[in-house]
Amino acid sequence: MKRPIFLKIFLSFIVVVITGSALTIVLSYEAIRAYYVHSTTDAMVARNRPLKNEALDALAERRVPELAALAHKYGTGTHTRITIIAPDGTVLADSAVDPATMYNHRSRPEVAEALKGANGRSVRYSPDLKKEMIYIALPVRRSGKILGVIRYSLSAEEITRLLSTLRDRIVLVSFLVGFLSLLISLIFSHLITRPLSELLKASNRIAAGDFEVHVPLSGNDELGDLGKGFNRMAEQLQGSFTELSRRKEELQSIISSMAEGLLLFDSEGRVTLFNASAQKIFDPEQIVGKHYWEFLRSAESPDLPESEGKNRELIINNRYYLCGTSRLPSGAATVLILHDITAMKQMERIKQDLVVNVSHELNTPLTAIKGFTETLLEDADERRREYLLIIKRHTDRLINIVKDLLTLAELEEKGGTPTRETVDMKALIENLAVIFESRLKEKGLSLTIDIPGPLSLAADQFRLEQLFTNLIDNAIKYTEKGGITILVEKTTSDCIIRIKDTGIGIPAEHLDRIFERFYVVDKSRSRSVGGTGLGLAIAKHIVGQHGGSITVESSLSAGTTFTLSLPA
């Protein structure tokens with residue numbers, strides 16, 4: 001059960017007031033009682049000091065009758081009982097009781113204190129007089145020797161009656177003071193809790209979205225500062241909320257106007273937000289609150305939230321989409337963007353079909369032209385032979401282009417999953433080196449192969465042969481002196497192959513485009529050496545199929561280095 005803060009503060013004041021009043025009553029009563037007893041005993045001692053002087057000789061000589069007379073003389077009319085006691089505790093005289101009937105008083109507290117040389121005091125119940133008494137015992141000395149003790153006894157009833165009256169008055173005053181204190185505390189508690197109640201109401205209104213609330217708190221105390229701070233906070237919240245609302249509307253407008261489909265997943269992979277373009281791709285009822293794998297039925301979909309920064313193609317409802325994911329900085333959600341690339345894929349298919357068809361159509365006549373040219377060369381004279389060789393050279397170049405185009409088309413048609421087998425890299429490269437021995441000798445170039453020990457790789461052997469053939473062929477074409485070096489090393493996760501040459505190099509402005517189809521740095525030289533402009537495009541495509549990467553480093557007249565990284 002919730003207790004209001006007003007009740008807590010007021011109950012605290014009640015506890016403090018009651019405790020203070022009770023302590024005041026008890027301590028005041030005891031202090032007044034002690035003071036009254038002390039002042040009464042001091043007055044009694046002062047009043048009966050002559051008795052001490054008169055009883056000095058009688059005590060020294062044990063004149064009991066004289067001591068009894070003195071006790072009666074000083075005890076009568078003063079309401080004080082006087083008892084004269086010997087050093088051994090024997091009662092010699094008493095103004096109220098026959099000494100013969102009294103016990104030895106040596107063990108009485110006040111007498112025992114007086115026999116030690118001090119003034120003894122005690123307030124206790126008297127078994128002889130059957131009432132509470134105040135006792136004062138004074139030692140009687142001569143030459144430092146204690147001759148006896150004179151004890152004065154006074155009834156405590158009068159003091160008790162007086163203290164009872166004082167106690168009643170103290171209780172009454174304490175009650176009045178406590179009542180006034182509680183009344184003041186009631187008002188004070190209300191003054192403290194009223195601003196807090198106003199703050200609570202205002203905070204509830206802010207929580208409900210009402211940022212126009214204002215707390216009317218004033219003053220120079222902490223509550224006034226709290227109210228001013230609360231009002232400033234409400235104004236800042238209103239400004240922040242307005243800014244957030246504006247940005248939210250802008251973001252919503254941007255998301256709604258996006259041509260790409262946008263989906264937002266929470267940390268568990270459930271859809272929490274989607275735009276209008278996503279509704280055209282999916283039925284909203286099929287995706288609201290669903291996991292992404294429930295409607296993205298693709299082999300690529302199970303790891304979408306974990307594939308941040310990677311683009312992949314998905315087929316949804318017979319349409320192609322380029323899918324990209326990005327995790328929010330908080331890590332609590334993932335954004336999925338679907339870009340419709342169906343038209344682009346169709347265009348690629350048309351271009352691919354065109355290339356394949358044209359290549360096939362060109363292959364037959366080019367083969368025929370080459371065959372007839374070779375036949376004519378057998379019976380041609382020197383002048384015609386020169387023209388026929390030019391025709392043959394260009395025909396061979398066209399045939400190579402057609403072959404490379406068919407190779408690229410075949411690579412793209414099979415997709416990104418090569419047929420893998422265990423490939424001995426050392427044997428593969430050494431076998432390829434044999435093919436280029438004659439060309440290397442013709443140009444006076446060396447070929448160095450550095451493979452530290454046996455090294456195998458899970459890959460498509462035929463495609464790797466095409467890959468290295470293209471790269472080594474290029475290195476020989478564009479190197480006039482020096483040689484080619486092939487370095488192979490294996491790391492924990494990759495196989496690194498470097499093909500270095502000491503050729504003419506590639507200008508820096510061309511390095512970004514050399515893997516494009518038909519892109520050549522020097523067209524005249526490319527034609528003269530029989531280049532098609534497709535070798536590096538094929539190489540990059542093969543490396544990409546194997547999940548690797550290929551980079552190039554080169555500078556003019558300093559040679560070129562191709563670095564391949566293939567997953568081990």
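In this predicted model, Lys540 is located in helix H16, and its relative accessibility of 45% places it in the partly exposed class, since that class lies between the limits of 20% for buried and 50% for exposed residues. When neighbours within four places in sequence are set aside, the contacts of Lys540 are with Phe515 and Ile550. A further spatial relation links Lys540 to Leu467, for which the C-alpha atoms are 8.3 Å apart although the two residues are separated by 73 residues in sequence.

The helix that carries Lys540 is largely enclosed by the rest of the structure, because eight of the 11 residues of H16 (residues 535–545) are buried. The buried set begins with Gly535, Leu536, Ala537, Ile538 and Ala539, and continues with Ile542, Val543 and Gln545. Just after H16, Gly547 adopts a positive phi of about 75°.

Parallel and antiparallel pairing are both found around strand E14 (residues 483–490), which is joined to strand E12 (residues 446–450) by five bridges in the parallel sense and to strand E15 (residues 494–501) by seven bridges in the antiparallel sense. Ile484 of E14 takes part in both pairings, being the bridge partner of Leu447 and, on the side of E15, that of Asp501. The connection between E14 and E15 is a hairpin, with three residues between the two strands.

Elsewhere in the chain, an open sheet of five strands is arranged in the order E2-E1-E5-E4-E3 with antiparallel pairing. Its edges are formed by strand E2 (91–94) and strand E3 (120–126), each of which pairs on one side only, and the twist from one strand to the next averages 25°. Within this sheet, strand E1 (residues 80–85) pairs with strand E5 (residues 145–155) in the antiparallel sense over six bridges, and Thr83 stands opposite Arg151 of E5. Helix H3 (residues 64–75) lies across E1 and E2, and the angle at which H3 runs to E2 is about 35°.

Another open sheet of five strands, again with antiparallel pairing, has the order E7-E6-E10-E9-E8. Here the edge positions belong to strand E7 (271–274) and strand E8 (311–316), each pairing on one side only, while the twist averages 30° from one strand to the next. The pairing of strand E6 (residues 261–266) with E7 is antiparallel and extends over three bridges, and the bridge partner of Leu263 is Phe274 in E7.

On the surface, a nonpolar patch is formed by Leu172, Phe175, Leu176, Phe179, Leu180, Leu183, Leu186, Ile187 and Leu191, which together present about 890 Å² of accessible area. Leu191, one of the patch residues, is situated in helix H5 (residues 157–207). Because residues three or four places apart in an α-helix point the same way, given 3.6 residues a turn, the spacing of positions within such a segment bears on the direction in which side chains face. The relative accessible area of Leu191 is 47%, so this residue counts as partly exposed, and its inclusion in the patch is consistent with the requirement that member residues have over 30% relative accessible area.

Note on methods:
Residues numbered from 1 in each chain as written. Predicted model: local features only at pLDDT ≥ 70, side-chain atom pairs only at ≥ 80, totals over all residues. Heavy atoms only, no water. Patch = residues over 30% accessible without salt bridge, like charges linked within 9 Å, V, L, I, M, F, W, Y side chains within 5 Å. Areas by Shrake-Rupley, 256 points an atom, 1.4 Å probe, with all protein chains shown as cover. Salt bridge = Lys/Arg side-chain N within 4 Å of Asp/Glu carboxyl O. Helix = DSSP H or I, 4+ residues; strand = E, 2+ residues; numbered from the N terminus. Buried < 20%, exposed > 50% of the residue type's maximum accessible area, 1.4 Å probe, protein only. Pairing = 2+ DSSP bridges. Axes fitted to C-alpha atoms, helices over the stretch in contact; angles between N-to-C directions. Contact = heavy atoms within 4.5 Å.
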